[in-house]
Every structure is written in C-alpha cells, then in structure tokens.
Amino acid sequence: MNFDLTEERQMLQDTLRRYLADKYTTQVRNDILDSEAGFSAEIWNELAELGIIGAFFADEHGGFGGTGFDVAVVFEELGRAGVVEPLMEVLVAGHVLAKAGHSLIEDVIGGGVHLAIAHGEPASRYDTDTVETQFADGKLSGRKAVVINAEAADHFVVSARDGETTSLYLVAGDAVGVTVQGYPLLAGGRAGEVTFENTACEALDVAADTLDRAFGFGIVAQCAETLGAMETATALTGEYLMTRQQFGRPIGTFQALQHRMADVLIELEQARSAVINAAGNLENDARTRDMALSAGKNLLGRAGRLVAEEAIQLHGGIAMTQEYELAHIAKRIVMADHRFGDTDYHLERFIELSTA
C-alpha cells in the first residue's frame, strides 16, 4: 500500500510548513499566549487566505478536501509548529454546519467567522450522550464547560436535550442569555464556561450521528497534531544531544542516551501508523471507525507522554524555560491526551467495541 501524499496534499503540506517556519517563531507564540485574545487575528486571516480552513471541507461545501488525510496533513504541521490558533473548533463545529447545509459555512472557510463547539458539561466527562442542557419552546438553558474559543466565537454549535433525544443548535455569540467566563488554557489558547439562559437558537437539521462524526474528525486532528509536536520534540532533543558536550564529546554519543532516543523514535513511528489508520478509517462504518479512532487516541496519549518526558529529561533544566521551544511543545503533547477522551477512556471504549 502506498502511504505517500498525493500531489495536492504535498503542496498543502509544503505551503503550510514554509509559512509557519517563517512566521511562527517561539517569540511570536509567546507574545500570542500573553495576549488577551489568546490567538493572532493576523495569522488567522493569513491561514484562511492560504486555504488551510478550506482543506477541512469537501468541494460541495466550498472547500477542497474534507477527508481524514486532508485533516491529518494540516494538523500535523500545526502541531509541529505549536500553533495555538483555534482551528480545531472550526473543524469540529464547521463539520456540523456543513452537514446541515448551513449558509454560514462559506464565511467560516473564508476565516470571517469564529466557531466554538459547546458540548461538554461539568458532569459529562468524555461521553457524547451525557447532556443536561435543555431545549424547550425555541430556547436553550444550561451550562457548558471548557468551551474552547468561547470568548471569540461568533457562533456556538450547542448540544441539548429535546425530550429524549439530543439535538444540535446554532447560537449567536452575542445572543441574549449567553454568559461566558473565560480563562487561559495551560497549553495555549483560551476557553470558557458558557451559560445559556432562555437563549434563542436555530435548530440544525442533521443526522443523529453527526456529533460523533464531527468528534471523529477532531480525534484525527488531535492525534495528527500530537504527532507533529512529537516530531518537533524529537528533533530538538536529537539536536541538543549532539550539541551538549560532556567529557570532551557530545552526550549523544553515550550509549545509554542512544538507547533512550531509539525508544523515542520507535514510539514516533508507531504514532505515525496510528494516525494513518485513524485517518483512513474515518469514512468507514461506525464500529470500525470508532475502533480505529480509540486505538489511535490511546496510543498517541501513551506515546506522546513518553516522548515528552524523555525529551525533557534528556535536555535537563533548559527544557522547562518558556524561551525554549520544547517547553510549549511538551505541554501541548501532554495536555492533548485530555481532549476528546484520554488514554483510559479510549482503552475502555476500544474493549467495548471489540467485544460487542
């Protein structure tokens, strides 16, 4: 089987990698992290102009991609550069709007509209079917937790109970009854606790499994982003080992450290295979898709933590300084495990699916 990128995806990867290498330095990111918005509007607009957001959506929705491999190519590069702009929210919430055939999707692809997916709740953990927010008489009432990009969102895609079923709704960010309490995230960006009090909304006409499919895209993106961050952590560590001198020679020549780097490289290749498997099964039947996604998310969580910890230990104290690239990358790798379900959750989910 040929795992090489198509010509179009290779061009997309090369374009994005060159742009981020030139634009997204450690200092630029640190300045963004210190800003009130938590992302750069300039970089956001430039990414949209490059067509990066368009790669998330199929031709019929105004994009030019929309497959698991398109998403993986983009997010691997975003992870490699440690990008904190909220592209994940556009991907997941935008998938719902695209499936609903909503006219807003054109502005989303153009970068003119920010989205946020408001699904998680204080009592829901990672389960997509645990929803307490209520829809009644055309209004929403409830509370959503850790809504990433909540403060900047022009629109929220919200899950709520309509009787016995969970449906999806579109809410304007400035609608009456919407309250957002924002805060910075450890690995970059901002989130918020969002409360809806008798808030007007628009029902989205989508299939019952749309949220699961949207989260499937999110899992592929998160795994690919983690893979890209692992690649950067590995490259920085290898470079450091061959630069740092001890006893008159680079510490990378010491056999004990070579063995540890070999373990890191093995985990990196396993992670790459898991991302390919998850991306390739995204359009498969629900059971096969979810097994591939859970296997990938579990492996990336375990392998990512090992790579992050080894990178920090092999560097020593310099790895924890904000001015050094690895400090941010390592945090991104570790915290990625907690988005869309951690290693324990996906191990249990994989076991349930494989024995069903």
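**Exercise 1. Two helices near the start of the chain**

At what angle do the axes of helix H1 (residues 7-23) and helix H3 (residues 41-49) cross, and within what distance do they come? Work out how the two helices run relative to each other, and then list the residues that meet.

*Solution.* Keep in mind that this is a predicted model.

Step 1: The H1 and H3 axes cross at roughly 160 degrees and come within 12 Å.

Step 2: Angles over 145 degrees count as roughly antiparallel, and H1 and H3 are therefore roughly antiparallel to each other.

Step 3: For handedness, H1 passes H3 in a right-handed crossing.

Step 4: On the H1 side, Leu 16, Tyr 19 and Lys 23 take part, and they meet Glu 42, Ile 43, Glu 46 and Leu 47 of H3. Sorted by class, this contact has four nonpolar, no polar and three charged residues.

**Exercise 2. A helix pair and the core**

Describe the packing of helix H4 (residues 68-81) with helix H5 (residues 87-100), and then follow Phe 75 into the nonpolar core.

*Solution.* Let's start with the geometry.

Step 1: The axes of H4 and H5 come within 11 Å, crossing at roughly 160 degrees. The pair is therefore roughly antiparallel, and the crossing is left-handed.

Step 2: Val 71, Phe 75 and Leu 78 of H4 meet Leu 87, Met 88 and Leu 91 of H5. This contact is made up of six nonpolar residues, with no polar and no charged ones.

Step 3: Now take Phe 75 by itself. Beyond its neighbours within four places in sequence, its contacts are Phe 56, Leu 87, Met 88, Leu 91, Ala 221, Ala 224 and Glu 225.

Step 4: The largest nonpolar core has 81 residues, and Phe 75 joins Phe 56, Val 74 and Leu 97 as the ones that touch the most other members. Helix H7 (residues 210-241) gives this core its largest share, 14 residues. There is also a second, separate core of 15 residues, including Ala 153, Phe 156, Val 178 and Val 194.

**Exercise 3. Two residues of H7**

Are Leu 227 and Thr 226 buried or exposed, and which residues does each one touch?

*Solution.* Take the residues one at a time, using the cut-off of under 20% relative accessible area for buried.

Step 1: Leu 227 sits in helix H7. Its relative accessible area is 1%, so Leu 227 is buried.

Step 2: Not counting residues up to four places away in sequence, Leu 227 touches Glu 76, Leu 268, Ala 271, Arg 272, Val 275 and Leu 300.

Step 3: Thr 226 also lies in helix H7. With 6% relative accessibility, Thr 226 counts as buried.

Step 4: Leaving aside neighbours within four places in sequence, Thr 226 is in contact with Leu 300, Ile 333 and Ala 336.

**Exercise 4. H9 against H10**

Find how helix H9 (residues 286-315) packs on helix H10 (residues 325-336), and classify the residues of their contact.

*Solution.* The route is like that of the earlier helix pairs.

Step 1: The packing angle is about 155 degrees, and the axes are 8 Å apart. That makes H9 roughly antiparallel to H10.

Step 2: H9 and H10 cross in a left-handed way.

Step 3: From H9, Lys 297, Gly 304, Arg 305, Ala 308, Ala 311, Ile 312 and His 315 meet Leu 326, Ala 330, Ile 333, Val 334 and Ala 336 of H10.

Step 4: The tally for this contact is eight nonpolar, two polar and two charged residues.

Terms used
Residues numbered from 1 in each chain as written. Predicted model: local features only at pLDDT ≥ 70, side-chain atom pairs only at ≥ 80, totals over all residues. Heavy atoms only, no water. Core = buried A, V, L, I, M, F, W, Y, C linked by side-chain atoms within 4.5 Å. Buried < 20%, exposed > 50% of the residue type's maximum accessible area, 1.4 Å probe, protein only. Helix = DSSP H or I, 4+ residues; strand = E, 2+ residues; numbered from the N terminus. Contact = heavy atoms within 4.5 Å. Axes fitted to C-alpha atoms, helices over the stretch in contact; angles between N-to-C directions. Parallel < 35°, antiparallel > 145°, perpendicular 65-115°, else oblique. Left-handed = near helix turned anticlockwise from the far one by under 90°. Nonpolar A, V, L, I, M, F, W, Y, C, P; charged D, E, K, R; others polar.
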